[in-house]
Number of protein chains: 2
Amino acid sequence: MSDFAKTKAMFHIPEDMIYLDGNSLGAMPWATAVKVERTITDEWGDMLITGWNKAGWMAKPTDIGDRIGRLIGAEKGSVVMGDTLSIKVYQAVASALEMNPGRKVVLSDNGNFPTDLYMADGLCKTMGADYEVRTVDPEAVEAALSEDIAVLMLTEIDYRTGRKHDMKALTEKAQALGIITIWDLAHSAGALPVDLAGCNADFAVGCTYKYLNSGPGGPAFIYVAPRHQDVARPALSGWLGHDAPFAFDLDYRPGAGIERMRVGTPPILQLAALEASMDIWDQVDIHDIRKASIALCEQFIAGVEESCPTLKLASPRNADDRGSQVSFAHPEGYAIMQAMIARNVIGDFRAPDIIRFGFTPLYIDEGDVDGAVSILKDVMENDLWDKPEYKIKSRVT
Amino acid sequence: MSDFAKTKAMFHIPEDMIYLDGNSLGAMPWATAVKVERTITDEWGDMLITGWNKAGWMAKPTDIGDRIGRLIGAEKGSVVMGDTLSIKVYQAVASALEMNPGRKVVLSDNGNFPTDLYMADGLCKTMGADYEVRTVDPEAVEAALSEDIAVLMLTEIDYRTGRKHDMKALTEKAQALGIITIWDLAHSAGALPVDLAGCNADFAVGCTYKYLNSGPGGPAFIYVAPRHQDVARPALSGWLGHDAPFAFDLDYRPGAGIERMRVGTPPILQLAALEASMDIWDQVDIHDIRKASIALCEQFIAGVEESCPTLKLASPRNADDRGSQVSFAHPEGYAIMQAMIARNVIGDFRAPDIIRFGFTPLYIDEGDVDGAVSILKDVMENDLWDKPEYKIKSRVT
């Protein structure tokens, strides 16, 4: 959208590349390198240990948490940065399970991103043989809610298909049965408006290296509803979540509010990179992003369906039921994506047969969509994917 | 030591500052900013998602792990980077407890860094009421070893006093009683030679932002002895520790060897900063560091004891029993350290009465020690610490 021409200029996209993988790793803001360089040279280099105070490093996890909170409808003081999404999932599930003693089941769906399931399963194994992660089809979640379930853990937007759960409705139904909810916003934060407070969400987690453009390995975030913050026991009880970290007490005493979800020393260089992209996000209305994202997705679907009849839409057709990505299924999906990448249109493949394209209006416009459609058409019409070298699965992401 | 004049030139120390806090946050190598800038611009910026393969990001946690492994006597393929030290402590304790079923006690000492105790305690609370963290005085550890103890978790070098545990002897005695050992090397890695393989260590963990100069919030490491690697269950079972992360299986299957101790997406920018400092460490023999460190510490102790009779040595007098720091006790320790900092000699204070000075031969030499002694003498002789503004405890680190 021409509305975003200004933000597009703030990002570096390699020449001649059409980058439709910002849902996996967001593009680099031009400002990032300078921001990080200053953090290294002017803060770490010159202030050394005093940077924790003088440069405000210690407060960055909550300061930036609030800036992300604006995009996901979180109350002020209810989001903190740190660790990875996997770790934040573990924290949330551990706290939620303890808040629901007597119940032993974590319910999720089999479209959830695997690490969420793995982390919950690892926790259940640690807690004992009577704890269980139960997965059902995404469409069967509502029917599977029952009073034996302690925690409902879902990713709002399916990483393969972009299918969107109804956060408000599922939260309400779950809570009516005494279930605590955890929402993974990995494919939501920066992709579409989220209203955690309005949904009465309990816990949420997410990452920042996708739509929020913090760079490879950028820190994750966790949200805890204000009503739970002083109740939730941090299972990962690290010193920076202590009420007085620098008293060096022998006993752990959880900090006030969201502070207790901090664990160890925050990654200041990655946080600086995140700040550079939040400087852009601060100027953007997430509702405008959503409007532009839907327009780009619709344009892409129409173009592909018209020109590539063998590709089957794997994402919901209705824009309201979809995140900010479009997926198509094809038995030769892997080779097709390799052929696209060879032509500098970057999306990705997800087993068994999904090709996935992310639309990030901050730096992707209609011209990019037209370009991608036309190259995909060429690849499909002329069987350009049908080469042995495109069929060797060597790519790790 | 003049032997290290070459490495000293590789670090930035602000003009007129004597930095004796490299045991808390190491100094900045000049090469770091350029290395990180290239990772941002040439790798993230230009390669985007393909950086995971093309720039070798995915292999960095083990590649760098091996480089650190050289400094701590670890077998190749037994160290991996990631997360924070707190998280790595949790991983190690969780695996170790499960490897010793039937025993429920984690033994540590009350000089251990609090986050180690907090994390183990948080894990024990999650595992059930019969699990326990037991702490004794550091000198009483050996006598407290018994057959009801599952795990002995110790920090080799005491963060307050620099007192050094005998890793080899304690490991041997613990193992003879069927106890699994975890060594925290936060104040050891890069400070003095460690011989994990020679000590027959089971698990070890450590951080990189102290002596290893990776910058604020640099990633931690975990070591698992080769004999345990395919036995240890990762309690934090994240997708990057999965045997085939990109198969996106619903069930977790731990990866081979040390790979299973990976959790989430590695922090590529912080790892790049660490690589810049490892480029220096690769050129250094840790035994030379130890020799230089002992000389600097002895020089400092002699100088302070001669000129500041009211300061009481809180570190072991025998160099072999000490890490790479020297601590003195004084009831007005906090104000004394503030007066030192005001004169640009940076050490730190640890409650209740310890002033602590770290000696890092990579960039600290005899001239720095002389300077620090002379300023400390001035502060003590002339009661320069006795000002109200030095007594307000506002510093967070």
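Across the interface of chain A and chain B, 28 residue pairs are in polar contact, both residues being at pLDDT 80 or more; such a contact is a pair of N or O atoms within 3.5 Å, where within protein one must be able to donate a hydrogen and the other to accept it, and residues adjacent in sequence count only if both atoms are side-chain atoms. This is a predicted model, in which local features need pLDDT of at least 70 and side-chain atom pairs count only at pLDDT 80 or more, while totals for chains, interfaces and linings use all residues. Residues are numbered from 1 along each chain as its sequence is written, chains are lettered from A in the order in which they are written, and side-chain values use heavy atoms, with hydrogens and water left out.

**The interface**

- Strand E3 (28–29) of chain A touches chain B with two or more residues, as do helices H2 (30–47), H3 (51–54), H5 (85–99), H6 (114–127) and H9 (268–281); helices (H or I, at least four residues) and strands (E, at least two) are DSSP runs, numbered from the N terminus.
- H6(A) gives the most to this side of chain A, with 10 residues.
- Sorted by class, the side of chain A that touches chain B holds 44 nonpolar, 25 polar and 12 charged residues, with Ala, Val, Leu, Ile, Met, Phe, Trp, Tyr, Cys and Pro taken as nonpolar, Asp, Glu, Lys and Arg as charged, and the others, Gly among them, as polar.
- Contact (heavy atoms within 4.5 Å) joins 81 residues of chain A to 81 residues of chain B.
- The two chains bury about 7100 Å² between them, 70% of it on carbon and sulfur atoms; this is the accessible area (1.4 Å probe) lost on being put together, summed over both.

**Salt bridges**

- The rule, a side-chain nitrogen of Lys or Arg within 4 Å of a carboxyl oxygen of Asp or Glu, finds 0 salt bridges across the interface of chain A and chain B.
- Over all chains, the structure holds 52 salt bridges.
- One of them pairs A:Asp202 with A:Arg227 (2.9 Å, N to O).

**Symmetry**

- A turn of 180° and a shift of 0.0 Å along the axis lay chain A on chain B with an RMSD of 0.0 Å, superposed by least squares on the C-alpha atoms of residues with pLDDT of at least 70 in both.
- The two copies are therefore related as by a two-fold rotation axis.
- A:Met127 is the residue of chain A that comes closest to that axis, at 2.5 Å (C-alpha).

**The single chain**

- Chain A has 12 helices and 15 strands.
- Its C-alpha trace spans about 70 × 55 × 40 Å along the principal axes.
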